Amino acid sequence: MATIDGLPPLREVIRAHDLVAKKQLGQNFLLDLNLTSKIARSAGDLSGSDVLEVGPGPGGLTRGLLAEGARRVVAVEKDPRALPALQEIAEAYPGRLSVLQGDALELDMAAHLTPPVKIVSNLPYNVGTELLIRWLSPTIWPPFWQSLTLMFQKEVAERIIAKPGSDHYGRLALLVHWRADARIVMSLPPEAFTPAPKVHSAVVHLTRLEEPRFPADGKVLNRVTTMAFGQRRKMLRSSLKGLGPDIEARLEAVGIAPTARAEEIGLEQFCALARNLAEAP
Ligand code: SAM
């Protein structure tokens, strides 16, 4: 069967290199190159960008990114078994694919990229949220990337885009909304993957803001939201009492009812509280 790039179909690649999926590495592969090209397109124009892909596996999304015109792809894969298959793709796209073997949680990936950078990945579920939080929490903002186009379990995708008042709303939604615009661009059923996971998946596209949406010190904001959502059903005057004896007055000063609960409060109010706490400790 003809493919988008003249390379063998992914089922053949997996057979030839004996890439039996390993659960502990979160290996659920996308084998439909039309689908991986569609994911690549959802990241926008790639022609002027370096693309960072975490977890290329047998290379379905990698091939989609290259076929859709990425200037260069830097792919970070933990499983050494995938390297020969990725080498074949590198040979078909001379000078456009660099593969780093290692753990994405340990490598300094930014050092291998030239701006502008877009991150596009079908992430291993066990490290996906951790990577997203790290990409949103560098010490200096704006970060090394322009946009993130990432596959998550549907439930995590809903937590990323959640609004106040919803069951999914919490610290992750607040961090994302503080520093990026985020939306779900695609939903995928389990059968889209081989092997099929138990859960549905969704692709989320995040575009960085050049400055955080509202001023606040990231560490103070993180402390406030961690305490507030640590006891999300409690009133804020109770869940935040560890922040000081005057917490009720501070809440009132920034227009938050001390009897309100964390899930009712929006980002702007949390940032106002973080500023109040930082300005007059
Ligand atoms: N991109 C491929 C696709 O769409 O078919 C594979 C996606 S699969 C969900 C996740 C990939 O991430 C696997 O290839 C797995 O080996 C790799 N992986 C798992 N943990 C990793 C880590 N800590 N660093 C880098 N790659 C990792």
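**Entry 1: polar contacts of the ligand**

I count a polar contact as a pair of N or O atoms within 3.5 Å. With that cut-off I went to Glu77. An N or O atom in the Glu77 side chain is 2.6 Å from an oxygen atom of the ligand, so the pair falls within 3.5 Å. I keep in mind that this is a predicted model.

Next I looked up Gly55. Here the backbone takes part: one of its N or O atoms lies 2.8 Å from a nitrogen atom of the ligand. I then turned to Ala104. A polar backbone atom of Ala104 is 2.9 Å from a nitrogen atom of the ligand.

How much of the ligand's accessible area does the protein cover? On its own, the ligand has 600 Å² of accessible area, and the protein covers 99% of that.

**Entry 2: the shell around the ligand**

I listed the residues around the ligand and got 20. Leu30, Gly55, Glu77, Asp103 and Asn122 come nearest. Gly55 and Glu77 were already in my notes, Gly55 for its backbone atom and Glu77 for its side chain.

I asked which pocket holds the ligand. The ligand sits in the second largest pocket. Two elements give two or more residues to the shell around the ligand: β1 (29-30) and β3 (72-77).

I also sorted the shell by residue type. Eight of its residues are nonpolar, seven are polar and five are charged.

**Entry 3: the largest pocket**

The ligand is in the second largest pocket, but I wanted the largest one on record too. The largest pocket has a volume of about 580 Å³. It is lined by 25 residues. Closest to its centre are Ser137, Leu175, Trp178, Gly218 and Asn222.

Which elements give two or more residues to this lining? I found α5 (125-136), α7 (171-179) and α8 (218-230). Of the elements, α7 gives the most, with seven residues. By type, the lining of the largest pocket has eleven nonpolar, seven polar and seven charged residues.

**Entry 4: closed space**

I then searched for cavities. Rolling a probe the size of a water molecule over the atoms shows where empty space is left. How many cavities of 30 Å³ or more are there? The count came to one. The space in the largest cavity is about 40 Å³.

I wrote down its lining: Leu7, Pro8, Val13, Pro58, Arg63, Ala85, Glu88 and Ile89. Helix α4 (residues 83-92) gives the most to this lining, with three residues. Six of the lining residues are nonpolar, none is polar and two are charged.

**Entry 5: backbone checks**

Last, I went along the backbone. Where are the cis peptide bonds in my notes? One runs from Pro115 to Pro116, with omega near -5°. Pro116 is in the loop between β4 (97-101) and β5 (117-122).

Another cis peptide bond runs from Thr194 to Pro195, with omega near -10°. Pro195 has its place in the loop between β8 (193-194) and β9 (201-208).

I also noted Asp18. Asp18 is not a glycine, yet it has a positive phi of about 55°. I located Asp18 in the loop between α1 (10-16) and β1. Strand β1 was on an earlier page as one of the elements that give two or more residues to the shell around the ligand.

Key: Residues numbered from 1 in each chain as written. Predicted model: local features only at pLDDT ≥ 70, side-chain atom pairs only at ≥ 80, totals over all residues. Heavy atoms only, no water. Near = heavy atom within 4 Å. Polar contact = N/O pair within 3.5 Å; in protein donor to acceptor, adjacent residues only side chain to side chain. Areas by Shrake-Rupley, 256 points an atom, 1.4 Å probe, with all protein chains shown as cover. 1 Å grid on protein atoms, 1.4 Å probe; cavity = no way out; pocket = protein on both sides within 12 Å on 5 of 7 lines; lining within 4 Å. Sits in = over half its atoms within 2 Å of the grid points. Helix = DSSP H or I, 4+ residues; strand = E, 2+ residues; numbered from the N terminus. Nonpolar A, V, L, I, M, F, W, Y, C, P; charged D, E, K, R; others polar. Points joined across faces, edges and corners; volume = space filled by probe spheres on them.
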